Amino acid sequence: MRILFVGDVVGNIGVDMIHEYLPQLKRDLKPQVTIVNGENSTPVGRGISHNIYKQLLKDGADVVTMGNHTWDNAELYDFIGGANRLVRPANFPGDTPGQGWTKVKVNQQVLAVVNLQGRVFMNPMDDPFAKMQALLPQLDTDFVFVDFHAETTSEKRAFAMRYDGQLSAVVGTHTHVQTSDAQVLKHGTAFLTEAGMTGPADSILGMQADSVIERFENQRPTRYTVQEKGAGLLSGCVIDLNDKTGHATRIHPILISPQHPYQS
């Protein structure tokens with residue numbers, strides 16, 4: 001089984017990069033399942049709209065994951081109940097609308113796609129470690145992919161190592177800068193601390209640079225605005241799983257940018 005994962009889509013440029021490159025990546029890499037994180041995909045870089053959700057699916061996503069900006073576009077409340085290919089963090093508390101995981105049938109196998117959010121330097125959430133432990137019997141499959149949306153590298157790696165061998169892959173999102181530590185852990189779980197973002201290349205984490213620099217220089221609240229012009233980048237990874245065990249055999253980062261043009 002081959003999984004293609006694309007990191008946080010940011011703003012219009014991110015959506016355009018998906019439209020331009022995701023069909024090409026699917027043609028060349030031939031993944032059985034394609035997962036896209038869409039939590040920053042609105043034009044203002046927070047949340048997701050119904051039209052963008054449908055566009056991501058049309059361009060080739062099988063599942064769309066979310067994160068801490070899940071509820072930042074109120075329109076989501078109107079359609080999340082019927083969005084069976086959209087997953088928000090499973091460790092939101094109580095009776096939060098939507099689903100925290102879904103399943104995709106791949107030939108004779110079933111891949112569970114889970115979204116979890118970390119707690120270090122993030123908004124209060126239920127324990128993602130305990131939530132994963134509770135979910136495992138419900139998932140009832142050896143093929144489990146987790147988009148772990150968290151701030152710190154240590155929390156992401158701790159989660160992956162805690163569930164090494166029980167999960168097929170743990171890929172981090174949220175911090176928007178791709179890390180270079182893609183590996184298969186010793187018990188068979190593919191891990192990448194941060195997949196990186198898909199959005200404006202000439203930006204700071206997708207935002208216009210001037211506003212971010214101003215905040216660092218003046219230490220005053222600043223309104224961040226999505227960078228709307230210039231080249232884009234696309235970040236993610238491709239993961240191969242053993243069809244019998246669900247363990248990973250390979251994980252390879254993907255980066256398309258002005259410095260790394262796409263070569264089919």
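**Close-up views of two pockets and a helix**

**View A. Lining of the second largest pocket in the predicted model.** By class, nine nonpolar, three polar and two charged residues make up the lining of the second largest pocket, in which about 200 Å³ of space lies. Of the 14 residues that line this second largest pocket, Leu 25, Leu 29, His 252, Ile 254 and Tyr 262 are the closest to its centre. Strand β13 (248-256) and helix α1 each supply at least two residues of the lining, and the largest share, six residues, comes from β13.

**View B. Lining of the largest pocket.** About 370 Å³ of space lies in the largest pocket, and of the 14 residues that line it, the closest to its centre are His 69, His 176, Leu 205, Met 207 and Tyr 224. The lining of the largest pocket divides into six nonpolar, six polar and two charged residues.

**View C. Buried and exposed sides of helix α2 (residues 50-58).** The buried residues of α2 are Ile 52, Tyr 53, Leu 56 and Leu 57; seen down the helix axis, they fall within an arc of 140°, and they therefore line one face of α2. An α-helix has 3.6 residues a turn, so residues three or four places apart point the same way. On the face of α2 that is turned away from the buried side, the exposed residues Asn 51 and Lys 58 are found.

**View D. Surroundings of helix α2.** The elements that cover the buried residues of α2 include the helices α1 (11-29) and α3 (76-79), together with the strands β2 (33-37), β3 (63-65) and β4 (86-87). Just after α2, Gly 60 takes a positive phi of about 130°.

Notes:
Residues numbered from 1 in each chain as written. Predicted model: local features only at pLDDT ≥ 70, side-chain atom pairs only at ≥ 80, totals over all residues. Heavy atoms only, no water. Buried < 20%, exposed > 50% of the residue type's maximum accessible area, 1.4 Å probe, protein only. Helix = DSSP H or I, 4+ residues; strand = E, 2+ residues; numbered from the N terminus. Arc of directions from axis to C-beta. Contact = heavy atoms within 4.5 Å. 1 Å grid on protein atoms, 1.4 Å probe; cavity = no way out; pocket = protein on both sides within 12 Å on 5 of 7 lines; lining within 4 Å. Points joined across faces, edges and corners; volume = space filled by probe spheres on them. Nonpolar A, V, L, I, M, F, W, Y, C, P; charged D, E, K, R; others polar.
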